[in-house]
Amino acid sequence: MLNKFIDDELPLALFWLILGLFAGLVYAMEILGLDGSMSLLSPERARSLHISQMLYGFFPLMLSLLPFALFQKEGVLSQNAIVHLRRYFVVWNLFLLFMSMALLFGNIRGLPFYDFPYQLNFLLAFSGVFYLFALLDALRRYAKRPLWVNVSLAAVIVAPLALIVLMNPQYGQVEKTLIGPHGDNTLGMSFALIPIYYLLIKLVAIDEFKPRWHGLWIVPLVGYIVSLVIRNFFHTLSYTEEWFFQYLTLLYVPLLWIWLRDAGVSFKTNPYLILSIIAFIFVDIEGNFLFIPDIRALIHRNDLVVGHAHIAMGLGVAFMALAIVHHLLPNLFRRIYAIAWSVLMGIMAVALSIAGILEARGLNESIEPFLWVRALVGAMIVGVVLRITFDRLKVRIDSAVKVYHLSGFLSDAGGGAVLILGGSALFSLLGFHFSGTYEYIVFAFMIGTGLTHWYGLYSVTPYRFAELSASIRAVCASVFAALYMAGTLDGIALLVALYDISFALLYWLFLRGKD
């Protein structure tokens, strides 16, 4: 049941992942000299879109399925819960669309991890309502609810309110931890991953799993609460105090090892989960090492830290999400992809770490070769995700109308996306006027027409979608032709009119009604 749901939702989720990775690749190339000033992917926007999609796109969506994967394993997941989950995905995907457009058009807040407009948090909170409904549907099917279920319910109820409060630009906790070493913030973020690891281990456990050594997570939790009280009610934490709270994260290392051993989980069981925990342990130990004052003074906010963050997010958190998808769709998210992704992220982290040491003047060499390695590896990671996407999207092109739909999707949806990102530069290159206003609406409409072809490509009634797309094209062509003949628009309107009417006539004259 859940397997079918995630298989249906996967194409759009993978699109957000590809978009985020592509934005990161563009940013990496811009560091090396690529000029993106004439596009919507200028360096600050590309970086913001990359980080935001990594934090709010594919990975958190997949992670949010974890309780429901456990519900399915325990036999309490119903079709009604899947209906609510579908609604949750609809609203979250709308948030990702609005967030992406806001960032591309420069509506950014200048924050490292929460750069989109604050108002969009209300969409996230709204999606949480349907998530709560899905959760409640499963909960009522338990004769006696397990502790992990009650904790999940409390987290889902609190999360939307916490989101609105913590993200607030006036009094939110997020904006208070942008400067300084914020070791207590690291402790809090690390602790948030521990219950997720617990549930993941429970999901894939071969043996009956009963967690032990609770003190190894209780002590860091108490430390985090104490740090928040000191920071918000007494004084700004000193470096020594933050250092102490940071080092409490080392207690998670033996805890995770004990849990894996007790559950009988191995690399063969779920490679993504094992690699995620290895990355978490590495980042935990490395992060505490980098927190040493003398070392941190040299490397803070340089590429060594960037490499550290890429291991934390690109392997640690990313593979938590992929561990769930691998559990549900093992034939799609195969072991070879886990290995390839890990090797590539490791190479990127090493390259960035060396670049960071060079920036700290540890060696007198140029960092540019290592930034090229970063960009090349980024392109290869995009390639891995594209391969997974291709495996999922395979469709039989067994008729002329399917070829028509495929060409329409590639030309309109693909062309519209290219024009949205780089229309200003392309119009200037071709000698057309570009106002930067209504053109973007036209480009968005192109993508919509392309999506009509997309649905036709996978539909059992492709001719209905072909008829719809041809009708849309004819109406649009008539308006563009009229505006051109009236002298309102320049030659680009004539080109659009000729293109759309040609595509419509191709279907009406030669393909309509053919099997």
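# Close-up views of a predicted helical model

**Figure 1. Helix α19 and its neighbours.** The buried residues of α19 pack against three helices: α17 (400-430), α18 (438-458) and α20 (491-511). This is a predicted model. In α19, the buried set is made up of Pro462, Ala466, Ser469, Ala470, Arg473, Cys476, Ala477 and Phe480. The helix covers residues 462-485, which makes 24 residues. From the first C-alpha to the last, α19 reaches 34 Å. That is close to the 34 Å expected at 1.5 Å a residue. After α19 comes Gly487, with a positive phi near 80°.

**Figure 2. The whole chain, for orientation.** The protein chain has 515 residues, and 50% of them count as buried. Its secondary structure comprises 20 helices and zero strands. How many of the contacts join residues at least 24 apart in sequence? Among contacts between residues at least 6 apart, the share is 79%.

**Figure 3. Helices α12 and α15 side by side.** Two packed helices are described by the angle between their axes and the distance between the axes. Here α12 spans residues 271-290 and α15 spans residues 335-359. Their axes are 9 Å apart and make an angle of about 20°. The two helices are therefore roughly parallel to each other. On the α12 side, Pro271, Tyr272 and Leu275 take part in the contact. On the α15 side, they meet Arg335, Tyr337, Ala338 and Ser342. By type, the contact residues divide into five nonpolar, one polar and one charged.

**Figure 4. Tyr272 and its surroundings.** Tyr272 sits in helix α12. Is Tyr272 buried or exposed? With a relative accessible area of 1%, under the 20% cut-off, Tyr272 is buried. Leaving out residues up to four places away in sequence, Tyr272 touches Phe319, Leu322, Ala323, His326, Phe333, Arg334, Tyr337 and Ala338. Two polar atom pairs are worth finding in this view. In one, a polar atom of the Tyr272 side chain lies 2.9 Å from the backbone oxygen of Arg334. In the other, a polar atom of that side chain lies 3.4 Å from the backbone nitrogen of Ala338. Look for Gly316 as well. Tyr272 and Gly316 are 44 residues apart in sequence, yet their C-alpha atoms are 9.3 Å apart in space.

**Figure 5. Ser127 inside helix α6.** Ser127 belongs to helix α6, residues 121-139. Its relative accessible area is 0%, so Ser127 is buried. What does Ser127 touch, not counting residues up to four places away in sequence? The contacts are Tyr88, Val91 and Trp92. Val91 is 36 residues from Ser127 along the chain, and the two C-alpha atoms are separated by 5.2 Å. Within the helix, a polar atom of the Ser127 side chain lies 2.6 Å from the backbone oxygen of Leu124.

**Figure 6. Helix α6 from end to end.** The 19 residues of α6 should span 27 Å at 1.5 Å a residue. The end C-alpha atoms are 26 Å apart, which agrees. Which residues of α6 are buried? They are Asn121, Leu124, Ala125, Ser127, Gly128, Phe130, Tyr131, Ala134, Leu135, Asp137, Ala138 and Leu139.

**Figure 7. Helix α2 and its buried residues.** Helix α2 runs over residues 43-56. At 1.5 Å a residue, its 14 residues should span 20 Å. The C-alpha atoms at its ends are 20 Å apart, so the two values agree. The buried residues of α2 are Ala46, Ser48, Leu49, His50, Ile51, Ser52, Gln53, Met54 and Tyr56.

**Figure 8. Val317 in helix α14.** Val317 lies in α14, residues 303-328. Its relative accessible area is 17%, under the 20% cut-off, so Val317 counts as buried. Apart from neighbours within four places in sequence, Val317 is in contact with Leu63, Leu193 and Ala312. Pro60 is 257 residues from Val317 in sequence. From C-alpha to C-alpha, the pair is 8.9 Å apart.

**Figure 9. Trp213 in a loop.** Trp213 is found between α8 (183-204) and α9 (215-233), in the loop. Its relative accessible area is 51%, over the 50% cut-off, so Trp213 is exposed. Its phi is near 55°. That is a positive value in a residue other than glycine.

Note on methods: Residues are numbered from 1 along each chain as its sequence is written. This is a predicted model: local features need pLDDT of at least 70, side-chain atom pairs count only at pLDDT 80 or more; totals for chains, interfaces and linings use all residues. Side-chain values use heavy atoms; hydrogens and water are left out. Axes are lines fitted to C-alpha atoms, for helices over the stretch in contact, and angles run from 0 to 180 degrees between N-to-C directions. Helices (H or I, at least four residues) and strands (E, at least two) are DSSP runs, numbered from the N terminus. Angles under 35 degrees count as roughly parallel, over 145 as roughly antiparallel, 65 to 115 as roughly perpendicular and the rest as oblique. Contact means heavy atoms within 4.5 Å. Ala, Val, Leu, Ile, Met, Phe, Trp, Tyr, Cys and Pro count as nonpolar, Asp, Glu, Lys and Arg as charged, and the others, Gly among them, as polar. Buried means under 20% relative accessible area, exposed over 50%, partly exposed in between (1.4 Å probe, protein chains only). A polar contact is a pair of N or O atoms within 3.5 Å; within protein, one must be able to donate a hydrogen and the other to accept it, and residues adjacent in sequence count only if both atoms are side-chain atoms. The expected span of a helix is 1.5 Å times one less than its number of residues.
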